[in-house]
Amino acid sequence: MVNPTFRITGLDAFYGNKHVLKNINIDILPNAVTALIGPSGCGKSTFIRSLNRINDLILTFRREGKVCYHNQDIYAKDVDVVELRRRVGMVFQKPNPFPKSIYDNIAYCLKVHGIKDKDKIDATVESSLKKAALWDEVKNSLRQNALTLSGGQQQRLCIARTLAVEPEVILFDEPCSSLDPISTAKIEELIHQLKQSYTLIIVTHNMQQAARVSDFAGFFLLGELIEFDKTDKIFTAPKDKRTEDYITGRFG
Amino acid sequence: MRIRLFKEFIIEKLIFLSGIASILFVILIFVFLLKEGLSFFKEINLFKFISGKHWYPISEPEQFGILPMILGSLLVTLGAIIFAVPLSIGAAFYISEVAPGKIKDILKAGIEMLAAIPSVVLGFIGMITLVPLVKNVLHLPTGLTAFSGSIMLGLMSMPTIISISEDAINAVPKSYKEGALALGATRWQAMYRVTIYAALPGIIAASMLGIGRVIGETMAVMMITGNAAVIPHTFFQPVRTLTATIAAEMGETVYGSMHYYSLFAIGIILFIITFIINITADMVLHRKHK
């Protein structure tokens, strides 16, 4: 049995008085893709956003229970949140490149972590863009403003930016929901490759996507984790009636 | 039917008139200034006017050199910028990014109150508090200096700079900040390298508008800066600004005299300076929207 990257036990989350996650227990295994599916507003995003503590930005957010990353509770007092976020990267639903050049978008991440050597930065910019399958499209326009790229390119730039920091885990919060089918296919292909070296967690409400890219899948409904298992099991032989109803399209 | 159309017509025209009124006023003011001021330049060379070092408008022979006043205005403005811009940007960041809800509301109310204080009151307060303080602390022969004026004017321009900068900072999409933090940036790194960067055009425009207000301000500077029309060498000596010259001398001139027209000529110069500043601010703002 491999050690899980994340072990979440009894996680409850609230926005003000609204109870959005109810007693979530889940183990996330390394070097695999874990997909979280479920209808909108069922707590998937809240869940994934508690794994790198980006939810701390929301003032009304409150949580109970444990989120352990390599056996270390990330909500403990002595945790370095900045270091946690470096190791647990995140790609957002809406592509959010900074209003800088393509080059500077990636160089920014390195400067943040104190890397000043220009050759090192150049090399990382190139290698991250290559890993994100964007290099060939932008190698002649690295000085162009990132906001002029197409939505799919922007999203891959955001992935490249995340890779440049060399995280261990990458959280994808509905990375394809604002993209066209071709860009979506490219990102899925990319997720497939990244699995070799990273632990990936992807939130999606596209079930085909979950079936295509993931090894494990969890089904969320109204803040509860209804079922969590290997993806093929969830999709072929779900144990819970509600999971079956959802994946066969009877609601959601 | 006909009445309704007529009503529409009237309303449309009224709105049109209100719309162009401000532009019309600016043009009228400029034309009026030119009319009164241009005859002055028939007698005195523009270059001599601007570069002349002596202002003796009623001596024999009279001398019209406004270089000391131009430098006075610029010096006081420069001082006010150095004092007010960093402080205001810091305040804007504190209010929009750091301050908890209640403090934020109190601060915003305070800034609005500061904007509402008439400049003559600020000048008066400056005269009885700041001026003696500057004199005693720095051991100067007088506290009526460019330095005192700069601080008072800086205070006056802060509400403008703070509120417009704060709007610009708030307009930065939250996703930028989230993106930066998710990459492992510290709160300060996210603020400094992403939020300021994205808000910069708005912050620059805010500062320009604040500067415009400082250059055009009259009452407070007149009361605090000492009004000596000599070329200033340091911050700590009395200066006279363009605006103060007009305000102080207009009541004493003979209508139609050279002195009278020279004050309008100063008005033209002042108008051109503020016009340039506003246009620059506008251009910076528009670049942001593209």
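## Contact between the two domains of chain B

In this predicted model, a single count opens the account of how chain B is put together: between domain 1 of chain B and domain 2 of chain B there is 1 residue pair in polar contact, both residues being at pLDDT 80 or more. By class, the side of domain 1 of chain B that touches domain 2 of chain B consists of 8 nonpolar, 2 polar and 2 charged residues. The rule for salt bridges finds 0 of them across this interface of domain 1 and domain 2 of chain B.

The division behind these counts places residues 2-43 of chain B in domain 1 and residues 63-289 of chain B in domain 2, and the C-alpha centres of these two domains of chain B are 30 Å apart. In terms of contacts, 12 residues of domain 1 of chain B meet 10 residues of domain 2 of chain B. Together the two domains of chain B bury about 1000 Å² between them, and 87% of that area lies on carbon and sulfur atoms. Of the area that domain 1 of chain B buries against domain 2 of chain B, 54% is supplied by B:Leu33, B:Glu36 and B:Phe40, which is more than any other three residues supply.

## Overall build of chain B

The secondary structure of chain B amounts to 11 helices and 2 strands. Read from the N terminus on, the elements of chain B follow the order α-α-β-β-α-α-α-α-α-α-α-α-α, with the two strands placed after the opening pair of helices.

Along its principal axes, the C-alpha trace of chain B spans about 75 × 75 × 30 Å. Chain B has 290 residues, of which 42% are buried. When contacts in chain B between residues at least 6 apart in sequence are considered, 71% of them join residues at least 24 apart.

## The interface of chain A and chain B

Between the chains, 25 residues of chain A are in contact with 17 residues of chain B. Chain A and chain B bury about 1800 Å² between them, with 65% of this area on carbon and sulfur atoms.

The polar side of this interface can be described pair by pair and by count. Chain A and chain B share 1 salt bridge, and a salt bridge is formed by B:Glu178 with A:Arg49, whose closest N and O atoms are 2.6 Å apart. Across the same interface of chain A and chain B, the rule finds 5 residue pairs in polar contact, with both residues of each pair at pLDDT 80 or more. On the side of chain A that touches chain B, at least two residues each come from α2 (81-87), β6 (88-91), α3 (102-112) and α6 (151-164) of chain A. Among the elements, α3(A) gives the most to this side of chain A, with 4 residues. By class, the side of chain A that touches chain B has 14 nonpolar, 5 polar and 6 charged residues.

## A buried threonine in chain A

A:Thr124 is located in helix α4 of chain A, which covers residues 118-131. The relative accessibility of A:Thr124 is 11%, and because the cut-off for a buried residue is under 20%, A:Thr124 counts as buried. Leaving aside residues up to four places away in sequence, A:Thr124 touches A:Leu110 and A:Ala164.

Methods
Residues numbered from 1 in each chain as written. Chains lettered and ligands numbered in written order. Predicted model: local features only at pLDDT ≥ 70, side-chain atom pairs only at ≥ 80, totals over all residues. Heavy atoms only, no water. Domains from an automatic or database assignment. Contact = heavy atoms within 4.5 Å. Buried area = accessible area lost by both parts, 1.4 Å probe. Salt bridge = Lys/Arg side-chain N within 4 Å of Asp/Glu carboxyl O. Polar contact = N/O pair within 3.5 Å; in protein donor to acceptor, adjacent residues only side chain to side chain. Nonpolar A, V, L, I, M, F, W, Y, C, P; charged D, E, K, R; others polar. Buried < 20%, exposed > 50% of the residue type's maximum accessible area, 1.4 Å probe, protein only.
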